[in-house]
Amino acid sequence: MSAPIKPLTENFAVAPQLGPDDMADVAAAGYKSVIINRPDFEGGPDQPTAADVSKAAVAAGLKIEYQPVVGSAMTAADVVRFAELLRILPGPVLAYCRTGTRCTNLFAAAQQLG
């Protein structure tokens with residue numbers, strides 16, 4: 001896998017940008033679901049799209065959700081949706097964005113919701 005996975009709990013981890021070629025490795029590592037928090041083309045035209053990653057994730061047997069969040073403009077609704085995804089998706093869950101920080105912040109905020 002091209003990017004390091006950083007576990008935050010037994011059931012949740014974050015990673016920097018992943019691509020379609022990483023999804024089989026994510027599944028092999030035991031993850032059941034992936035949340036994409038990076039908006040398409042945030043990093044320019046060379047960034048893998050959520051559609052391409054999603055197709056590879058499904059082929060690898062993963063559940064996938066695309067929840068684009070702008071890191072500098074995270075909203076309460078973003079946090080509520082992220083918390084809902086953590087409740088409904090089979091775990092363990094891996095979320096990714098550009099560096100993993102945005103996903104970490106969403107996770108911390110979602111934990112505050114109880």
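Which residues are exposed on the other side of α2? They are A51, K55 and A59, and the views below put them in context.

This is a predicted model, so some ground rules apply: local features need pLDDT of at least 70, side-chain atom pairs count only at pLDDT 80 or more, and totals for chains, interfaces and linings use all residues. Residues are numbered from 1 along each chain as its sequence is written, and side-chain values use heavy atoms, with hydrogens and water left out.

**View 1. The whole protein, with its 4 helices and 5 strands.** Helices (H or I, at least four residues) and strands (E, at least two) are DSSP runs, numbered from the N terminus. Going along the sequence, the order is β-β-α-β-α-β-α-β-α. The C-alpha atoms fit a box of roughly 35 × 30 × 20 Å along the principal axes. A compact globule of 114 residues would have a radius of gyration near 13 Å, and the protein agrees, at 13 Å. That radius is taken over C-alpha atoms, and the globule rule is 2.2 Å times the number of residues to the power 0.38. Take the contacts (heavy atoms within 4.5 Å) between residues at least 6 apart in sequence: 75% of them join residues at least 24 apart. Of the 114 residues, 42% are buried. Here buried means under 20% relative accessible area, exposed means over 50%, and partly exposed is in between (1.4 Å probe, protein chains only).

**View 2. Helix α2 and its two sides, one with buried residues and the other with exposed ones.** The buried residues of α2 (residues 50–59) are A50, V53, S54 and A57. Seen down the helix axis, they fall within an arc of 100°, so they line one face of α2; the arc is that of the directions from the axis to the C-beta atoms. An α-helix has 3.6 residues a turn, so residues three or four places apart point the same way. The buried set packs against α1, β3 (33–36), β4 (63–66) and β5 (93–96). On the other side sit the exposed A51, K55 and A59. After α2 comes G61, with a positive phi near 90°.

**View 3. An aromatic cluster formed by F12, F82 and F107.** Rings of Phe, Tyr and Trp (its six-membered ring) pair if their centres lie within 6.5 Å; planes under 30 degrees apart count as stacked, over 60 as edge-to-face and the rest as tilted. Searching the whole structure turns up 2 aromatic pairs. In one, the ring centres of F12 and F82 are 5.9 Å apart with planes at 90°, so the pair is edge-to-face. Since F12 belongs to strand β2 and F82 to helix α3 (residues 76–88), this pair ties together parts that are 70 residues apart in sequence. F12 also pairs with F107, this time stacked, at 4.3 Å centre to centre and 5° between the planes. That pair links F12 in β2 to F107 in helix α4 (residues 101–112), 95 residues apart. How buried are the rings' owners? F12 has 2% relative accessibility and counts as buried, F107 is buried at 12%, and F82 is buried too.

**View 4. The loop between β2 and α1, home to Q17 and P20.** This loop runs between β2 (12–15) and α1 (23–28). Q17 counts as buried, at 18% relative accessibility. Its side chain makes a polar contact of 2.9 Å with that of R38. A polar contact is a pair of N or O atoms within 3.5 Å; within protein, one must be able to donate a hydrogen and the other to accept it, and residues adjacent in sequence count only if both atoms are side-chain atoms. P20, at 30%, counts as partly exposed. Not counting residues up to four places away in sequence, P20 touches P48, D52, V53 and A56. P20 and S54 are 34 residues apart in sequence, with C-alpha atoms 7.6 Å apart.

**View 5. Backbone details at P92 and F41.** The peptide bond from G91 to P92 is cis, with omega near 5°. P92 sits in the loop between α3 and β5. F41, in the loop between β3 and α2, has a positive phi near 65° despite being a residue other than glycine.

**View 6. L113, in the segment after α4.** Leaving aside neighbours within four places in sequence, L113 contacts V79, V80 and A83. The C-alpha atoms of L113 and A83 are 7.9 Å apart, with their positions 30 residues apart along the chain.
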